[in-house]
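Could you walk me through this structure, starting from one residue and working outwards to the whole chain?

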Amino acid sequence: MRKIIAFVNAAYQWFVSFASKARSPLLLLVRLYWGGQFAQSGWGKLHHLDQVTQFFTSLGLPAAHGTALFVAMIEFVGGILFALGLGSRVTALVLFANMTVAYWAANPNAFAGIFSDPGRFYAAAPYTFWFASLLILVLGPGFFSLDILIGRWLNPPEYEY
């Protein structure tokens, strides 16, 4: 029986080690894909500011034109930074806050249904953007990011010769 338990434990430890090695590539894929989506969304808003302003006006958002420009810039610049993994957690926080406001303003019933009607919550348009931002905010950018590269350049490991 001990041999079976030892085998199962060893197999599980191997699986955990293997799965942990997939974290950084997964975070890279999330950042690249959703960073690109954020940037594309922001770019589209920048090129259709009048329509975005009208939509924000219909939602009752204050200073609709300024808000539209601000949101477009957050999504465009933030999406590029998100994809590169530069200032990742701060960028993710700003994008997460932006998507939370998008939920609250454009889909208040879906936003309010996070626990009571989760199907409606995750079917809303902002959900995947919101979740990708939350994922990077909590887990960080992963190994394959400019944050890590710059961090290693600023604080190189000390070697004994």
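P126 is a good place to begin: in this predicted model, its relative accessible area is 7%. Since the cut-off for buried is under 20%, P126 counts as buried. You will find P126 in the loop between α7 (118-123) and α8 (127-139). Setting aside neighbours within four places in sequence, P126 is in contact with M99, A102, Y103 and N107. If you would like a longer ruler through the model, take P126 and L49: they are 77 residues apart in sequence, and their C-alpha atoms are 19 Å apart in space.

Let us move on to N98, which sits in helix α5 (residues 88-106). Is N98 buried or exposed? With a relative accessibility of 10%, N98 falls under the 20% cut-off, so N98 counts as buried. Leaving out residues up to four places away in sequence, N98 touches V71, I74 and E75.

The last of these names, E75, is worth following. Side chains of opposite charge can pair when their charged atoms come close. Here E75 forms a salt bridge with K45, and the closest N and O atoms are 3.0 Å apart. This pair links distant parts of the chain, as E75 belongs to helix α4 (residues 64-84) and K45 to helix α2 (residues 23-47), 30 residues apart. Both E75 and K45 are buried. How many salt bridges does the structure hold? The structure holds one. As for charge across the protein chain, there are 9 positive and 6 negative side chains, and the centres of the two sets lie 16 Å apart.

Now step back to the overall fold. The protein chain has nine helices and zero strands, so its radius of gyration can be set beside the globule rule: the value is 20 Å, well over the 15 Å that the rule gives for 161 residues, and the chain is therefore more spread out than a compact globule. Along the principal axes, the C-alpha atoms fill a box of roughly 65 × 50 × 20 Å.

Two further views complete the tour. Among contacts in the protein chain with a separation of 6 or more, 66% are between residues 24 or more positions apart. Turning to the surface, 30% of the 161 residues count as buried, and the accessible surface of the protein chain comes to about 10700 Å², with 70% of that belonging to carbon and sulfur atoms.

Notes
Residues numbered from 1 in each chain as written. Predicted model: local features only at pLDDT ≥ 70, side-chain atom pairs only at ≥ 80, totals over all residues. Heavy atoms only, no water. Helix = DSSP H or I, 4+ residues; strand = E, 2+ residues; numbered from the N terminus. Rg over C-alpha atoms; globule rule 2.2 N^0.38 Å. Buried < 20%, exposed > 50% of the residue type's maximum accessible area, 1.4 Å probe, protein only. Contact = heavy atoms within 4.5 Å. Areas by Shrake-Rupley, 256 points an atom, 1.4 Å probe, with all protein chains shown as cover. Lys, Arg positive; Asp, Glu negative; His and termini not counted. Charge placed at Lys NZ, Arg CZ, Asp CG, Glu CD. Salt bridge = Lys/Arg side-chain N within 4 Å of Asp/Glu carboxyl O.
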